[in-house]
Amino acid sequence: MRAVVLDAYGGPEHLAVAHVPEPAAPQANAVLIRVTAAAVNPVDLQTRAGLHAGHSRLQPPMILGWDVAGSVVAVGDDVTAVRVGDRVVAMSAQMATGRGTYAETVALPADITAPAPASVPLTTAAGLPLAGLTAQQALDTLGLPQGATLLVTGAVGSVGGLAVQLARLRGLRVVAQVRHTADAEEALALGAHEVTLTVEPASGGPGVDGLLDTAGLPRAIGTVRDGGRVVSIVPTRRPVEERGITVTVSHVEQDGKRLAELSALVDRGALRLRTAKEYGFGEAAEAHRALAEGGMRGKLLLVP
């Protein structure tokens, strides 16, 4: 089969299409998925460059990719909840194996897969798993009550945009931080109650109850009230605790059950997925460069 293979840690030029062995028949609790699309995520860029915390466990050649959407082509003997032909999505923490989702076929544990939303193309669905679970689990960690005010930095990015929508569904009052005035309309369309271009403390007010920092802006803690809560998804730029504010870093975990909840929200029309551009496998290096340049307002996808 064809896959995008990283031959050495470094720049995008180390990504190339190669022929690799097909995955073996699935183990008893696993499934084989024919890939329709795999999303490109910041963690892929970090892993490619040798900067991810877990990269020392593996040595190239390796296949990157955490997100996948596709169709099941085989199931293990013990799998009952997934059938051949099912459309599924999954987030796979590929650092454990070095065989990620930039491939025509992937083998994954059945319990980390979820039904793909039926209301969107499979290519679009590939942008849901990692970003959706990251936003969902970060909001779980924050644990803010209904009616609380939440500031989301990077609010029109992949994780931030889903976090804004999910926070609104939880009954939170969402303040969206964006970099450019032109992004304000998009943030409001995603469900933000108000938009700000800064992360400076509000004058004359008590501050927000919580902060979800998806953009790595540690100074944004200054907008949080005394005793508030902060969750960051950028471990290298964690805010320093102050004024009784709790600060936690949220690391995304595989979770097929919670991913199924997100997929259902998409089908209910309560969660909108955004795709910026699709690339062929042979354009993987170009996709990595585009993501590194920033400014994406939707997912970059690799299509076999």
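Visitor: Which residues is R48 in contact with, once its neighbours within four places in sequence are left aside?

Guide: Those are L6, A8, Y9, G10, G11, P12, L15, L64 and H288. They count as contacts because each has heavy atoms within 4.5 Å of heavy atoms in R48. Bear in mind that this is a predicted model, where local features need pLDDT of at least 70 and side-chain atom pairs count only at pLDDT 80 or more, while totals for chains, interfaces and linings use all residues. Residues are numbered from 1 along each chain as its sequence is written, and side-chain values use heavy atoms, with hydrogens and water left out.

Visitor: Where is R48 placed?

Guide: R48 sits in helix α1, residues 42-48. Helices (H or I, at least four residues) and strands (E, at least two) are DSSP runs, numbered from the N terminus.

Visitor: Why does R48 have no salt bridge?

Guide: A salt bridge needs a side-chain nitrogen of Lys or Arg within 4 Å of a carboxyl oxygen of Asp or Glu. For R48 the nearest side chain of opposite charge, E13, is 6.6 Å away, so the pair misses that limit. Here Lys and Arg count as positive and Asp and Glu as negative, with His and the chain ends not counted. R48 is also buried (under 20% relative accessible area; exposed is over 50% and partly exposed in between, with a 1.4 Å probe and protein chains only).

Visitor: How many salt bridges are there in the whole structure?

Guide: A search finds 15. In one of them, D209 pairs with R225, the closest N and O atoms being 2.7 Å apart, so the pair passes the test.

Visitor: What does the pair of D209 and R225 tie together?

Guide: D209 lies in strand β12 (residues 208-213) and R225 in strand β13, so the bridge ties together parts that are 16 residues apart in sequence.

Visitor: Why is D209 called buried, and what is R225 called?

Guide: D209 has a relative accessible area of 18%, so it falls in the buried class. R225 comes out at 30%, so it is partly exposed.

Visitor: What makes the phi of R243 stand out?

Guide: Phi of R243 is near 50°, a positive value in a residue other than glycine. Most residues other than glycine have a negative phi. R243 is found in the loop between β13 (224-232) and β14 (246-249).

Visitor: Which side chain does R243 meet in a salt bridge?

Guide: That of D226, at 2.7 Å from N to O. The two are 17 residues apart, with D226 in strand β13. D226 has a relative accessible area of 52%, so it counts as exposed.

Visitor: Where do E261 and R258 lie?

Guide: Both lie in helix α6 (residues 256-267), 3 residues apart, about one turn of the helix. Their side chains meet in a salt bridge at 2.8 Å, N to O. At 35% for E261 and 21% for R258, both residues are partly exposed. Salt bridges that share partners join D140, R170, R258 and E261 into one network.

Visitor: What is unusual about the peptide bond from P60 to P61?

Guide: That bond is cis, with omega near 5°. Most peptide bonds are trans. P61 lies in the loop between α1 and β4 (62-63).
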